[in-house]
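User: I would like to go through this model with you and ask, feature by feature, on what grounds each label was given.

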2 protein chains.
Amino acid sequence: MPSLTIRRLDVASPVPADIDIANSVEPLPIVDIAAELGLGPEHYDLYGKYKAKVLLSVLDDLKAQQDGYYVVVGGITPTPLGEGKSTTTVGLCQALGAFLDKKVVTCLRQPSQGPTFGIKGGAAGGGYSQVIPMDEFNLHLTGDIHAITAANNLLAAAIDTRIFHENSQSDKALFNRLCPANKEGKRRFANVMLKRLTKLGISKTDPNELTPDEVRRFARLDIDPESITWRRVMDVNDRFLRKITIGQGPEEKGMVRETGFDISVASEIMAVLALTTSLADMRERLGRMVIGNSKSGEPITADDLGVGGALTVLMKDAIHPTLMQTLEGTPVLVHAGPFANIAHGNSSIVADKIALKLVGKGGFVVTEAGFGADIGTEKFMDIKCRYSGLVPQCAIIVATIRALKMHGGGPDVVAGKPLDHAYVSENVALVEAGCINLAKHIANTRSYGVNVVVAINKFASDTEAEMNAVRNASMVAGAFDAVVCTHHAHGGKGAVELGLAVQRACESQSEPLKFLYPLESSIKEKIESIAKFYGASGVEYSEQAEKQIEMYTKQGFSNLPICMAKTQYSFSHVPSMKGAPTGFVLPIRDVRASIGAGFIYPLVGTMSTMPGLPTRPCFYEIDVDTATGKVMGLS
Amino acid sequence: MPSLTIRRLDVASPVPADIDIANSVEPLPIVDIAAELGLGPEHYDLYGKYKAKVLLSVLDDLKAQQDGYYVVVGGITPTPLGEGKSTTTVGLCQALGAFLDKKVVTCLRQPSQGPTFGIKGGAAGGGYSQVIPMDEFNLHLTGDIHAITAANNLLAAAIDTRIFHENSQSDKALFNRLCPANKEGKRRFANVMLKRLTKLGISKTDPNELTPDEVRRFARLDIDPESITWRRVMDVNDRFLRKITIGQGPEEKGMVRETGFDISVASEIMAVLALTTSLADMRERLGRMVIGNSKSGEPITADDLGVGGALTVLMKDAIHPTLMQTLEGTPVLVHAGPFANIAHGNSSIVADKIALKLVGKGGFVVTEAGFGADIGTEKFMDIKCRYSGLVPQCAIIVATIRALKMHGGGPDVVAGKPLDHAYVSENVALVEAGCINLAKHIANTRSYGVNVVVAINKFASDTEAEMNAVRNASMVAGAFDAVVCTHHAHGGKGAVELGLAVQRACESQSEPLKFLYPLESSIKEKIESIAKFYGASGVEYSEQAEKQIEMYTKQGFSNLPICMAKTQYSFSHVPSMKGAPTGFVLPIRDVRASIGAGFIYPLVGTMSTMPGLPTRPCFYEIDVDTATGKVMGLS
């Protein structure tokens, strides 16, 4: 993309704070970024001066365009400090766009707003590889997560209220309320009710013709409160909502129930947004989300509750990805951010599809997968690519000397505590030992038939000998290439070698994509394929897991892909098992399903779906400079 | 505003459904609406093609400009069906702008999204007097309410988490966590902590210099859980959250607490947004919101919790009003929508201020006050105008024959049930009797020194004799004029007479604004002034109310204006007392305070702050046409 608006960064050393770098660069008007991508005003909606929603209809206009190269960024098993996967994704794109004259689009997840005020801070990359404006990226953005919160909670309210109204009304009264006569005394079914009638095998379309038995079956969902899996959500770190009792007001007549809140990005609606391919597809997925069972064991959906259309209305703007820019003026599409354990942790299919058309033949789309490659890249391939039909030409694995040393036997790395001496002085043996983790990620990723490029995200204290060790181990393990990069300190310029390696990898890619398991396998067979992939010798199912697998199979959901909910800190289920453990038995504690999103998710251990706030949350430093309107203290 | 873009509506009879009318008109690009107001691209941020946030900085650019006329729209005591106050507000502006060539801006509240899916449906006006696009008006808009939800709930999470951390840590541990040493071993107070130190009378700025007693006083807020008035919010009708128990997860160690959710528009942050005058003022108000007391009875604020700055960051875009348009292409500013009983029920001060400058001398700003004039107009004058310093030249009172008949002794009017015969056939005597309600509203509004124009919102079945009765009664009661209008059926054309009357009223206004009570009066004196205004013979305080008044007075909050939380269905506290009751004793059940927003609110009876969903909510009919992307079924 030879461009007039490319900025050359003026880098300082040592690298200043992220917010200071972000504030030091004046973003380009987003209309300029859009224009360079060939987008006209009819293709997007502006949200302020630096964000625009790119309309899905662009796909129709660009139907004839060939796709560009598709690159996914995963990582080795990380330390709690993270290995710079987002930073590498952004830095690589700055290199491709601003230094190698390629058309490029970065596809990123929208971060959850809750953790921004807790411990984690922002998620726009770091150093000289960031998305800007950084505050807009980390806060509201264009409202997609707020829309998810609203839709998720409307469905939750519909569930409890429906049970309440069913409890207090006869079949007939219920039916008369659901299908009231209009002013002319006529009654009709709402469109969404016809879906329920079809599901029940009732072909009548005139409410007056239903038999009393059909009236009962239609009007009484008979939801088993114990079976409800749908929880409320909020985009705030509010640990006190993890487990609550609702319905304690006098008007709710004693209909209390234990439930809880998750953080909004854990909502199934977020996973739907990430996996959907069109507005019509999203309408169907939202309608078929299962919230629990009837007392007789039938799955109850959002459409059974009559609310699938309203959920789609709430989500109709959220389906359009948001265009932003990197520090060096290359385009970024931010869209969706599903939880990386209970969901699949990848940004949206529609953003990737639009991006591939926008860059066209010879261009590059770089998209990030959550957590380590065992989780993020596996789900990218087996869930996201399966639904999208897209095929990546290159998979990047980001590694740091720090994390490799940890895998080689280095002491614990703990967020907020100073690093052990081992991590800031040369220790080639530790690095070599740790490469077993990297090698396993390379081999796993290669098994999909995709070229693997290792990106060594260099820190100041890393030595040449240590990096050579990683390069050698990578090539032995089957990597296409392994490259040191310094984009955090230097921006795109620090990732030019990586960009060239990625280009060669894409150009020489020839194999077809091989999934890890076929969808037709049983739920257990699929779980076992993934467990073997991790290095497990077997799988152990709890009684509860067995029961759920049986139920989902009976309900006809066994053909869905599997989304493992596992710790990111080990190939195994035990965070302390570093390197590439083998011989462990993977315990499946429970099995749940996101039917609308389209996957079954086995729980390996306990996953927290609602973070908390520490004693001194980030928010102490966050404020607005009321004279300039600038945000201060975001990290 | 002689304009090229004025549309002439092609009206049909009978009047089609609101959504059909709204969808039949192609909105003008909002940049055109902005240009006609003299706004350049530097003055606003686009949110799609039909909405723009007008930046507060416009006020600086237009400092030299004179204000236009300021018109407030109130109503008589309504039936549960509403008397068309929003519709009249919009219709009047369509008349002024599209037929009388005046510069005009309509200022409206943003509706709560929750009720859109419940019983109520949308709130964009009706018939040929609407704000468009109607779906964008009723849903997300530009995200202000979502920002309020996020900010409100961040504060809530901060409260419970702080109590939790204080419970498990010594003074010293707590202090060390709040003021940790940085890498160089240095510690410092965050800016927001200096506010707390000042409040405590501690002038030290080096954390190391605090005495153990000062450490304790600084670090330990010692919040009394029983005293917490801050609740969580959600913009969904979720009755099961009215009363809940939180903290039941094992990690929260038994720290359970009873609390509940309100609908988001009931959040004090919404009232702050409506009453603030600048970004700096909003920062101060958000920081001084009181969430409860310490165990020793000191008020605890958002800034004591360290979160006032973060709340402001979350609200920094929400402070800019949203520009939209009417069916006839006149400009509308939508901004804030505080609850009309526990808060003051008026749109924002900043929107009105911007609008007055934009229309300039001789132009008109028409702003709506919630509920009947006893609540909406009273709070407009005594709270909103007091904080803004603005003075209205004309107050409109909207009346319908239907409501006047009810006040004259007609049978109950119930939403969803067919109207009694009395309401659809001529009955002049009933109307005349009911005018006692209108007369009382006229006299009350006149007492502020403002010219009153009565707008008779004509329905098809109203007769000439009935309308004459209202006109006569209005003039006797002291109205400046009383005019029949048909804007629902005819758009602006149907409100031209009203527009002319409003123009004359504004041009002849000469008296200064007289508030109902001085701020320096005691809380009880102020409550009693308002009660007398309603027609009460006295006020009765519960023990709890007495206690609260004493506490707020002791805490130094007695100089705030009063915001009565009273039913809108009667001048009294009893909804069934129609007309203009006298001699009743107004019971004050409890007294609460919104210190950040800046008012004390006595509770007269029980106010529901979280609506529920009926058996068949509106959402059954709401869906997206996936081929066109249009919203269907919004009413």
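User: What makes the contact of A:Arg242 with B:Glu252 a salt bridge?

Analyst: This is a predicted model, and every value below is computed from it. The closest N and O atoms of A:Arg242 and B:Glu252 are 3.1 Å apart, and because the cut-off for a salt bridge is 4 Å between a side-chain nitrogen of Lys or Arg and a carboxyl oxygen of Asp or Glu, the pair qualifies. The contact crosses between chains, running from the loop between strand 7 and strand 8 (244-246) of chain A, where A:Arg242 lies, to the loop between strand 8 (244-246) and strand 9 (257-259) of chain B, where B:Glu252 lies.

User: Why are A:Arg242 and B:Glu252 called buried?

Analyst: Buried means under 20% relative accessible area. A:Arg242 has 17% and is therefore buried, and B:Glu252, at 0%, counts as buried too.

User: How do you know that B:Arg242 and A:Glu251 meet in a salt bridge, and what makes the pair one that joins two chains?

Analyst: The N to O distance between the side chains of B:Arg242 and A:Glu251 is 3.9 Å, and the limit is 4 Å, so the pair is counted. B:Arg242 lies in the loop between strand 7 and strand 8 of chain B, whereas A:Glu251 lies in the loop between strand 8 and strand 9 (257-259) of chain A, so the salt bridge joins two chains. As for cover, B:Arg242 has a relative accessible area of 18% and is buried, while A:Glu251, at 40%, falls between the 20% and 50% limits and is therefore partly exposed.

User: What makes A:Glu621 a salt-bridge partner of A:Arg616, and why is A:Glu621 called partly exposed?

Analyst: The closest N and O atoms of A:Glu621 and A:Arg616 are 2.4 Å apart, which is within 4 Å and therefore meets the criterion. The relative accessible area of A:Glu621 is 30%, and since partly exposed covers values between 20% and 50%, the label follows. Elsewhere, salt bridges that share partners join A:Lys195, A:Arg283, A:Glu284, A:Asp303 and B:Asp623 into one network. The search of the whole structure finds 82 salt bridges over all chains.

User: What makes the largest cavity a feature of both chains, and which residues are closest to its centre?

Analyst: The largest cavity has a volume of about 280 Å³. Of the 24 residues that line the largest cavity, the closest to its centre are A:Thr142, A:Gly143, B:Tyr47, B:Thr142 and B:Gly143. Helix 6 (144-168) of chain A and helix 6 (144-168) of chain B each supply at least two residues of this lining, which by class holds 9 nonpolar, 8 polar and 7 charged residues. The search of the whole structure finds 12 cavities of 30 Å³ or more.

User: How do you know that helix 14 of chain A is mostly covered?

Analyst: The helix spans residues 376-388, and 12 of its 13 residues are buried, that is, they have under 20% relative accessible area. Among them are A:Phe380, A:Met381 and A:Ile383, but also charged residues such as A:Glu378, A:Lys379 and A:Asp382. Just after helix 14 of chain A, A:Gly389 takes a positive phi of about 80°.

User: What makes the phi of A:Phe371 worth a remark?

Analyst: Most residues other than glycine have a negative phi. The phi of A:Phe371 is near 55°, a positive value in a residue other than glycine. A:Phe371 lies in the loop between strand 15 (364-368) and helix 14 of chain A, and its relative accessible area of 22% makes A:Phe371 partly exposed. B:Asp101 likewise has a positive phi, near 55°, and is found in the loop between helix 4 (85-98) and strand 4 (104-108) of chain B.

User: What kind of peptide bond joins A:Ile132 and A:Pro133?

Analyst: Most peptide bonds are trans. The bond joining A:Ile132 and A:Pro133 is cis, with an omega of about -5°, and A:Pro133 lies in the loop between strand 6 (129-132) and helix 5 (134-138) of chain A. In chain B, a cis peptide bond joins B:Ile132 and B:Pro133, with omega about -10°.

Technical notes
Residues numbered from 1 in each chain as written. Chains lettered and ligands numbered in written order. Predicted model: local features only at pLDDT ≥ 70, side-chain atom pairs only at ≥ 80, totals over all residues. Heavy atoms only, no water. 1 Å grid on protein atoms, 1.4 Å probe; cavity = no way out; pocket = protein on both sides within 12 Å on 5 of 7 lines; lining within 4 Å. Points joined across faces, edges and corners; volume = space filled by probe spheres on them. Helix = DSSP H or I, 4+ residues; strand = E, 2+ residues; numbered from the N terminus. Buried < 20%, exposed > 50% of the residue type's maximum accessible area, 1.4 Å probe, protein only.
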